[in-house]
Amino acid sequence: MQSRVKWVEEMTFLGQSNSGHSVVMDGNGGATAPSPMELVLMAAGGCSSVDVVDGLKSAGQKITGCEAQISSERREQAPRIFTTANLHFVVTGHDLDEALVAKTVADSLEKYCSVCLMLGEGVEMTHSWEVVPA
């Protein structure tokens, strides 16, 4: 896998994926676009959401919605790495098995999500979830 990042102007950068997609990043803490660190959190939420949705669908659950709400803390001094992150999943559906939702969310964070597992090497990663009837 490869990607590249080009400086556009000021503190604006354009990330380009090998698959042909682009994303704008802002080095001024997210003034005009997501910051690189915000994209890391979105990547964790996106990667884990794929696991949760796919896992629940594969288990025959009638899932109608899934939202990952990611909260984190960072060090005050440079490098301002994440120290903690929590992925909270709000899963919506019909007659969802809450034990299965809990297991699927935990399995994503602990076994399957490449981004979370990579971050977990230096970040205290946690998860939580709730089921909302559709």
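Is Glu10 buried or exposed? Keep that residue in mind while the whole chain is on screen, and bear in mind that what is displayed is a predicted model. At 66% relative accessibility, where over 50% is the cut-off, Glu10 counts as exposed. To find Glu10, select the loop between β1 (3-9) and β2 (12-17), and look at the backbone there, since the phi of Glu10 is near 45°, a positive value in a residue other than glycine.

**The whole chain**

Zoom out and colour by secondary structure: the protein has three helices and six strands, and, read from the N terminus, these elements follow one another as β-β-β-α-β-β-α-α-β. The C-alpha trace spans about 50 × 35 × 25 Å along its principal axes. If you switch on a surface, about 8,300 Å² of the protein is exposed, and carbon and sulfur atoms supply 53% of that area. Of the 134 residues, 30% are buried. Among contacts with a separation of 6 or more, 51% are accounted for by residues 24 or more positions apart.

**Helix α1**

Select residues 36-58 next, which form helix α1, and place a distance label between the C-alpha atoms at its two ends: they are 33 Å apart, which agrees with the 33 Å that 23 residues should span at 1.5 Å a residue. Then show side chains for the buried residues of this helix, which are Leu41, Ala44, Gly45, Ser48, Ser49, Asp51, Val52 and Leu56. What covers these buried residues of α1 includes β4 (62-74), β5 (82-94), α2 (98-112) and α3 (114-119), and displaying those four elements beside α1 shows the setting.

Pause at Gly45, which lies in helix α1. At 5% relative accessibility, with under 20% as the cut-off, Gly45 counts as buried. Leaving aside residues up to four places away in sequence, Gly45 touches Ala68, Ile70 and Leu87. A second label can be drawn from Gly45 back to Ala33, 12 residues apart from it along the chain, where the C-alpha atoms are separated by 18 Å. At the other end of the tour of this helix, α1 is followed by Gly60, whose phi is positive, near 80°.

**The sheet β4-β5-β6**

Now hide the helices and select the open sheet, in which three strands are arranged in the order β4-β5-β6 with mixed pairing. β4 and β6 (124-133) stand at the edges, and each has a single partner strand, so one side of each is left without a neighbour in the sheet. From one strand to the next, the twist averages 15°. Between β4 and β5 the pairing is antiparallel and extends over 12 bridges, and a useful pair to label is Cys66, which stands opposite Val91 in β5. Bring α2 back into view at this point: α2 packs on the sheet, touching β5 and β6, and its direction makes about 155° with that of β6.

**Two loops flanking β5**

Which residues does a cis peptide bond join? Select the peptide between Ala78 and Pro79, where omega is about -5°; Pro79 is found in the loop between β4 and β5. Then move to the loop between β5 and α2, which holds Asp95. The phi of Asp95 is near 55°, a positive value in a residue other than glycine, and at 72% relative accessibility Asp95 counts as exposed.

**The nonpolar core**

For the last stop, turn to the largest nonpolar core, which has 20 residues, and among these Val91, Cys116 and Met125 touch the most other members. Each of α1, β5, α2 and α3 supplies at least two residues of this core, and the largest share, five residues, comes from β5. Val91 has therefore already been on screen, as the residue of β5 that Cys66 stands opposite. Centre the view on Met125 and display its surroundings: not counting residues up to four places away in sequence, Met125 touches Ala85, Leu87, Leu109, Cys116, Leu119 and Gly120. Leu87 is also one of the residues that Gly45 of helix α1 touches, and selecting Gly45, Leu87 and Met125 together brings this part of the tour into a single view.

Notes: Residues are numbered from 1 along each chain as its sequence is written. This is a predicted model: local features need pLDDT of at least 70, side-chain atom pairs count only at pLDDT 80 or more; totals for chains, interfaces and linings use all residues. Side-chain values use heavy atoms; hydrogens and water are left out. The expected span of a helix is 1.5 Å times one less than its number of residues. Buried means under 20% relative accessible area, exposed over 50%, partly exposed in between (1.4 Å probe, protein chains only). Contact means heavy atoms within 4.5 Å. Two strands pair if DSSP finds at least two bridges between them. Axes are lines fitted to C-alpha atoms, for helices over the stretch in contact, and angles run from 0 to 180 degrees between N-to-C directions. A nonpolar core is a set of buried Ala, Val, Leu, Ile, Met, Phe, Trp, Tyr and Cys residues joined through side-chain atoms within 4.5 Å. Accessible areas come from the Shrake-Rupley method with a 1.4 Å probe; for residues, only the protein chains shown count as cover.
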